[in-house]
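Me: I should like to learn how to read a structural model, feature by feature. Could you take me through one?

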Amino acid sequence: MLTPEQRAAWQRDGYIILPDFKSPEDIAGLRARAEQIVDDFDPSQSRTIFTTRDQEAASDAWFLGSDNSVRCFFEEEAFGPDGQLKQAKALSINKIGHAMHDLDPVFAAFTRDPKLAELAGDLDLIDPKVWQAQYIFKQPGIGGEVRWHQDATFFDSTPISVTTFWFALEDATVDNGCLWAEPGGHRGPLRERFVRTGDVISMEKLDTTPWPDDSVAVALPAKAGTLICFHGLLPHYSAPNRSPLSRHAFTLHATNGTTEYSEKNWIQRTHDFPVRGFI
Ligand code: FE2
């Protein structure tokens with residue numbers, strides 16, 4: 001599927017941008033299903049927010065139990081000082097996660113795509129294992145910032161192999177919080193590791209290499225339907241969304257099945273709910 005030039009760019013930059021990977025119909029179907037999941041979500045079940053600030057403290061039972069289920073999380077700025085939602089529920093959810101690619105038929109069909117399986121092979125993923133799905137809303141006005149990080153922090157393996165598949169479900173721009181990345185930064189070390197011990201989460205510092213200066217970051221705007229793939233060690237971030245437009249995206253994280261998936265990762269599967277690939 002990828003040309004030699006695209007493969008060379010992947011090796012050099014640590015990411016690749018593939019416009020028009022998913023059809024408008026595929027995207028409309030996923031968006032409608034996400035809307036339904038949010039509509040069905042009763043906020044009295046949980047008011048857990050999702051934030052990348054102090055994730056150890058923010059990792060409560062609602063979060064930990066979302067490893068192998070489908071749950072909604074609020075934006076950090078969803079609630080006003082009075083404890084009430086500032087805008088409608090549908091405009092207050094940060095994300096849905098983290099196993100709908102295996103549990104929900106619409107998300108499963110989007111994930112089990114022969115094109116994705118072929119692409120994964122071109123990205124050197126052998127027997128890929130898809131551990132996580134996230135539907136990220138990046139809501140208008142209150143869409144949360146995600147600071148510099150590497151996705152391998154959350155999906156450690158020996159050797160490191162996690163690859164992110166980031167689908168733009170709406171046009172992502174610098175105004176509504178598109179991705180920013182450090183080209184070539186995937187050749188640097190893994191800086192920290194998100195470790196689960198029972199119900200306790202900790203962030204282990206592995207390397208003191210500082211995060212890149214924002215000045216080296218390159219914006220990765222993407223039209224709806226675009227797939228951006230990036231290496232698990234690529235430092236990246238996205239800014240808060242202060243614009244009036246949402247920036248929906250869907251992400252999948254897959255490791256190479258021939259690498260050893262860490263038992264300390266927060267998402268684990270058992271034989272009665274095995275991890276699967278793209279087919
Ligand atoms: Fe990320």
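Reply: The following turns treat the metal site, the sheet, the cores, a helix and some backbone details. Please note that this is a predicted model.

Me: Let us begin with the metal. Which residues are the protein donors of the iron ion, and through which atoms?

Reply: A metal site is read from its donor atoms. In this model, the iron ion has His149 (NE2), Asp151 (OD) and His236 (NE2) as protein donors, at 2.1 to 2.2 Å. Their spacing along the chain is H-x1-D-x84-H. Asp151 belongs to the loop between β6 (146-149) and β7 (157-158), whereas His236 belongs to strand β14 (residues 236-238), so this pair ties together parts that are 85 residues apart in sequence.

Me: Are Asp151 and His236 buried or exposed?

Reply: The cut-off required here is that buried means under 20% relative accessible area. Asp151 has 6% relative accessibility and therefore counts as buried. His236, at 5%, counts as buried as well.

Me: How is a sheet to be read, and in what order do the strands of the open sheet run?

Reply: Strands of a sheet pair through backbone hydrogen bonds, in a parallel or an antiparallel manner. Here, four strands form an open sheet in the order β6-β14-β9-β12, with antiparallel pairing. Its edge strands are β6 and β12 (218-220), each of which pairs on one side only. On average, neighbouring strands of this sheet are turned by 25° against each other, direction ignored.

Me: How many bridges join β6 and β14?

Reply: Two bridges join β6 and β14, in the antiparallel sense. Val146 stands opposite Ser238 in β14.

Me: Let us turn to the interior. How many residues does the largest nonpolar core have, and which of them have the most contacts inside it?

Reply: In soluble globular proteins, nonpolar side chains tend to be buried together. The largest nonpolar core of this model has 57 residues, and Tyr135, Phe165, Phe167 and Phe250 are those with the most contacts inside it. Helix α2 supplies the largest share of this core, five residues. Another core, of 13 residues, lies apart from it and includes Ala168, Ala172, Leu179 and Phe230.

Me: What is Tyr135 in contact with, leaving aside its neighbours within four places in sequence?

Reply: The contacts of Tyr135 beyond those neighbours include Leu30, Arg31 and Ala34. Also among them are Ile96, Met100, Phe107, Leu169 and Phe250.

Me: Where is Leu116, and is it buried or exposed?

Reply: Leu116 is placed in helix α7 (residues 114-122). Its relative accessibility is 0%, so Leu116 counts as buried. With neighbours within four places in sequence left aside, the residues in contact with Leu116 are Phe21, Phe110, Thr111, Phe165, Phe167, Leu227, Leu252 and Phe278. One of these pairs also illustrates how sequence and space differ as scales: Leu116 and Phe165 are 49 residues apart in sequence, and their C-alpha atoms are 9.2 Å apart in space.

Me: For a helix, one may ask how its buried residues are arranged. Which residues of helix α1 are buried?

Reply: In helix α1 (residues 4-13), the buried residues are Ala9, Trp10 and Asp13. They cover an arc of only 105° around the axis, which puts them on the same side of α1. These buried residues pack against β1, β8 and β13 (227-231). After α1 comes Gly14, with a positive phi near 85°.

Me: Which residues have a positive phi although they are not glycines?

Reply: Two cases may be considered. Asp20 has a phi of about 55° and is not a glycine; its place is the loop between β1 (15-18) and α2 (24-40). Lys138, also not a glycine, has a positive phi of about 40° and is found in the loop between β5 (129-136) and β6. Asp20 counts as exposed because its relative accessibility is 64%, whereas Lys138, at 3%, counts as buried.

Me: Finally, where do cis peptide bonds appear?

Reply: A cis peptide bond is read from the omega angle. One joins Gly97 and His98, with omega about 5°; His98 is in strand β4 (residues 93-98). Another joins Thr158 and Pro159, with omega about -10°, and Pro159 lies in the loop between β7 and β8 (163-168).

Key. Residues are numbered from 1 along each chain as its sequence is written. This is a predicted model: local features need pLDDT of at least 70, side-chain atom pairs count only at pLDDT 80 or more; totals for chains, interfaces and linings use all residues. Side-chain values use heavy atoms; hydrogens and water are left out. Buried means under 20% relative accessible area, exposed over 50%, partly exposed in between (1.4 Å probe, protein chains only). Contact means heavy atoms within 4.5 Å. Donors are N, O and S atoms within 2.8 Å of the metal (3.2 Å for Na, K and Ca); water is not among the atoms, so sites may look incomplete. The arc is that of the directions from the helix axis to the C-beta atoms. A nonpolar core is a set of buried Ala, Val, Leu, Ile, Met, Phe, Trp, Tyr and Cys residues joined through side-chain atoms within 4.5 Å. Two strands pair if DSSP finds at least two bridges between them. Axes are lines fitted to C-alpha atoms, for helices over the stretch in contact, and angles run from 0 to 180 degrees between N-to-C directions.
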